[in-house]
Amino acid sequence: MHRYKAEESFQIGYPGEYTPVGAYLAYPDIIRIAKSRGAGLIHPGYGFLAENANFARAVEEAGMSFVGPSPEVIDALGDKTKARKIAIAASVSVVPGSDGPVIKVEDAVAFAKKHGMPLIIKAAMGGGGRGMRVVNDLESLPHLFERAVAEATSAFGDGTVFLERFLVKPRHIEVQLLGDSQGNVVHLFERDCSIQRRHQKVVEMAPAASLNNTTLQNILNDAIKIAKHVKYRNAGTAEFLVDQQDRHYFIEINPRIQVEHTVTEEITGIDIVGAQIEIAKGKSLLELGLFPQEKIVLRGFAIQTRVTTEDPSRGFQPDTGKIEVYRSSGGNGVRLDGGPGFSGAVITPHYDSLLVKCTVKGSDFENARKKTIRSLSEFRVRGIKTNIPFLLRLLSYPDFIKEQKLWTTFIDDTPHLLQGLQNLNRGQKLLKYLGDLVVNGTRVLGQQGLPQLQADIILPKLDSIPPEISLTTSAEFGWRNILLEKGPEGLCRAVRAHKGVLIMDTTWRDAHQSLLATRVRTVDLANIATTTSHGFQNAFALECWGGATFDVAMRFLWECPWERLKTLRKLVPNIPFQMLLRGANAVGYTNYPDNVVYDFCEKAKIAGVDIFRIFDSLNYVENLKIGIDAVKKAGGVAEATISYTGDITDLTKTKYTLEYYLDLAEKLVKEGIHILGIKDMAGLLKPRAATMLIGAIRKRWPDLVIHLHTHDTAGTGVATYLAAAEAGVDIIDTAIDALSGMTSQPCMGAVVSALHGTPLATGIKMKDIQSINGYWEQMRLLYSCFDPGLKACDSGVYDTEIPGGQYTNLMFQAQSLGLGTLWEDIKRSYIEANQLCGDIVKVTPSSKVVGDLAQFMVSSKLTAKQVEEQCETLNFPVSVIEYFRGFLGEPSFGYLEPMRSKILKSRNLEPIDGRPGKNLSPINLDEKKLDLEEKYGSDIFGKQINEYDVLSSVLYPKVFEDFMNFKSEYGEISSLPTRYFLTPLKVGEEFTFELETGKTLIIQLMAVGRAMEDSKKRDVYFLLNGEARVVQVIDEEKGKDVDKSANAAPKRPKADPKDKKQVGAPMAGLVVDLRAKVGMSVKKGTPIAILSAMKMETVVSSAISGVISEIFISQNENVSSGDLIAKIEDK
């Protein structure tokens, strides 16, 4: 920057002649150039040569004036050991220290033994904290002594050091001096420079606040005394330490202008640099109007903050790189002294990390402090780390605000000032996501093509709502009012007293899970939320959370599921929210310690869940009991649920009969449940079966609220609901028309119309359904890239029993694993896999077990008989092994034997009897929170790590870690419109959206650069609110050879399935864990590797005993089905 502002600039030496520091110290070249250009004065700045007496002398010998003290004064004061002697001669107190330079480490040890600890080693010729080391014990003294000498030699060309006692918590007060050639000296008052790190000043203030007036006057007088003693000329700074007893000690005079001189200029109105030049030209202080002392008066208060390219969270480690965005502050009382701060500037490690000095003036300390905060908050520096977040926290710290009495180790003594410092950098991170989308395409797993809707969303109007009522505000009344007023029991009484059938809308969860792979984002739910609160205010509930939506939000949409819940709760305060709780599995796929389940339910209730649909994937009552108890203790509505499978109308079947379900209902009612749910997850409940089941339950428990859920896979859902309504059901689940039918829930409009005009009418208006449906028709087009393309119902579900939500996910999984053309084979294998598992209830996570086994059978070309015969050696998916071990609980009719025993015995696994989570040790959630704070910082992405984050991490450790890593890279993108979340921008395309309330971004893609040969990166150019921005994105297609993130699977030899010495991949997937090494001895069943694909993990085990001779894969690589993983030789 200084070159751009200079009238002329010249390079010192030829390229490569000097190091960066060497060029600054090459004063013969500097003098030669200055003289050749006819310069009459040389100003040395405030670094390197400013305290070099030889340079000053050479300038004068060359016939030019040196803007600074005489060479003799520099020589006397630039050496701190000489300066101590001068102070003593002038009767000014100094810190106890060595009489002169300390040459040998042995002398330093002797001094330490005589004067005690702590002590500080200082470079005699130093400044800026270089060559300084604090020593607290004798053991570390030799090493620190050597480091201080080496640093001083490197920085100043002179390794001379001396020792002083180290004062505990002193203030650093310095006095700005001006002297002329006539012997006149004045002070420009004091500065408080106590806020330091590594002995370098960070914040400077003038005047010093809360300093004893007597001490202050003594300091000012002593500064003048020393300056006159040495006949000081030009600008200089006398520095003092003030201990806890207000005793002051002289430490040095810096014979130069200092970085922080700007605060003095602001409070005195004096141009110090201008005065320096005039004095060097021979003018006196009197001529300059600066003498006598009374001429200089204080005007207000000033604070200087040094904005540096350093990362405070890493010990102020300097950061380097290219500044992508630079926007500075301004306004009344704000002064900026800039360095290399501009967009496109490259910050190198060769120079000081100072980017800009921000000096702010106010009427008093508090006014200046607030202005400084405002000014720093206006800065936008992107591409490199800065200390701005730290400065903002420091200026807002209570001790800084109230006491204003600070000390030199304040930063070190207040470590939490440095914890969790984050620069949100939201705009630039968002642009990086958009740039990556342009260069590499979507990262949303499962997206096929682009959304069919490429237009703005039109929000509906409700004709039934009076025009004076705004749909942008939430409705006030609904069934939740009854719940909040009368509690769960009162709600249930009101439901039973209600004459009609109540509707629960599943659009916000199960419907889009079944038809759109659970990919609907929070922003699109929030856009229709307040309208829904009006149109469906007679609905019993909205199902909006839990189940697969929890992990998918983090895993694929990079959203916090808890924030989704809280956001929707604020927008819909009148309709109860229902979630899907997997009993002892919470919202996971495995069992958790009981304390996790209890804490989860408590937090979910606080965040906004009212009704908990509690189910177990095997109808295992012991698992259900934990969920019921946890919900009741959390204050929620406990809807314990029977998962329906089979066909109770087929009297030839002996499993899953009407008596089985009534017996199960009896056990749940005894637990004190509020609502009995019937979860027909595959749509197997036929109309006649609904009449039988609902009728029998209503007859036995006339006051029990019954809630029925089904899927319309076979196309009989509406008929089933009508039969259930006649039989006495209270609540039925439907989905908005555009997201209904097939694997989703029955059509809301059809059910409401069918019951309209009867005593069982729902209370929902068809006009409102159609208006809101218009929004969801747009959503169906917007999310078309996740639509599985189901064209019709499938009555084959009565044979396969595949749950609706799993049906579409299984199709997608099959396509991802290269089995898409074998969909019919997978459905047939699903039937066989179910029987191999013991003909079980199939709902997450048990349905996942059956699905994983079915895909495994198809990919391995195995029949059910072969699976039974070879079960001891097959590399089953992890979920299958865990099921047979007992991780999910006990199936209603037991396991298939002897298959289970063979699987466990061959793998040396013990079965788990009873409730799996019963013997799990509690997780210390407080410790987990501390672990997350240590890993991510207590304050990250603009918010603190909280209890909700802890639960997300406990339930899904790897998913949460990936989610946090994504946010660190791309920031918070949940408010980005879905169209631009899924569709790459075209060059020239512009869009506008609201990042948060009151903060609108206008983004335009300007250009995409070529891929760089060395790094395969592309520059992507944007306009953000009219400001040019650039982000660098790795082109993964171009960069596959240098960037493993592309995960390109190299070609590998295929394993011979007939040769047991060759270990092959049973499926396509990612190698998440490589257990084996060449030369390792293995036994039959020893794990070789773990593969993962689409949430399914498979352990690849050795089929024989022997020694690993070759390994053909690496961790984090992709493999295809049948790829050779390893070879095993005989021992």
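This dialogue walks through strands, cores and cysteines in one predicted model.

User: Which conventions apply to this predicted model?

Analyst: Residues are numbered from 1 along each chain as its sequence is written, and side-chain values use heavy atoms, without hydrogens or water. In this predicted model, local features need pLDDT of at least 70, side-chain atom pairs count only at pLDDT 80 or more, and totals for chains, interfaces and linings use all residues.

User: How do strands of a sheet pair?

Analyst: They pair through backbone hydrogen bonds, either parallel or antiparallel. Here strands are DSSP runs (E, at least two residues), numbered from the N terminus. Two strands pair if DSSP finds at least two bridges between them. Take β31 (residues 999-1008) and β32 (residues 1017-1024): five bridges join them, and they run antiparallel. I1003 stands opposite L1024 in β32.

User: Which strand does β32 form a hairpin with?

Analyst: Its hairpin partner is β33, with two residues between them. β33 covers residues 1027-1034, and its antiparallel pairing with β32 has eight bridges. V1020 stands opposite V1031 in β33. In the turn, N1025 has a positive phi of about 50°.

User: In what order do β3, β4 and β5 lie in their open sheet?

Analyst: The order is β4-β3-β5, with antiparallel pairing. The edge strands are β4 (133-135) and β5 (161-165), each pairing on one side only. Five bridges link β3 (residues 119-123) with β5. K122 stands opposite F162 in β5.

User: Which residues touch the most other members of the largest nonpolar core?

Analyst: First, the term. A nonpolar core is a set of buried Ala, Val, Leu, Ile, Met, Phe, Trp, Tyr and Cys residues joined through side-chain atoms within 4.5 Å. Buried means under 20% relative accessible area, with a 1.4 Å probe and protein chains only. The largest core has 157 residues, and W508, F600, W776 and I1003 touch the most other members. Beyond its neighbours within four places in sequence, W508 has contacts (heavy atoms within 4.5 Å) that include L525, C544, F577 and W776. A second, separate core of 37 residues includes I303, V360, I384 and L406.

User: How many disulfides does the structure hold?

Analyst: A disulfide is a pair of cysteine sulfur atoms within 2.5 Å. The structure holds zero. For C358, the nearest cysteine sulfur is that of C193, 16 Å away. C358 is buried, at 0% relative accessibility.

User: Why is the sulfur of C544 not in a bond with that of C560?

Analyst: The closest cysteine sulfur to that of C544 is in C560, and at 14 Å it is too far for a bond. C544 is buried, with a relative accessible area of 1%.

Conventions
Helix = DSSP H or I, 4+ residues; strand = E, 2+ residues; numbered from the N terminus. Buried < 20%, exposed > 50% of the residue type's maximum accessible area, 1.4 Å probe, protein only.
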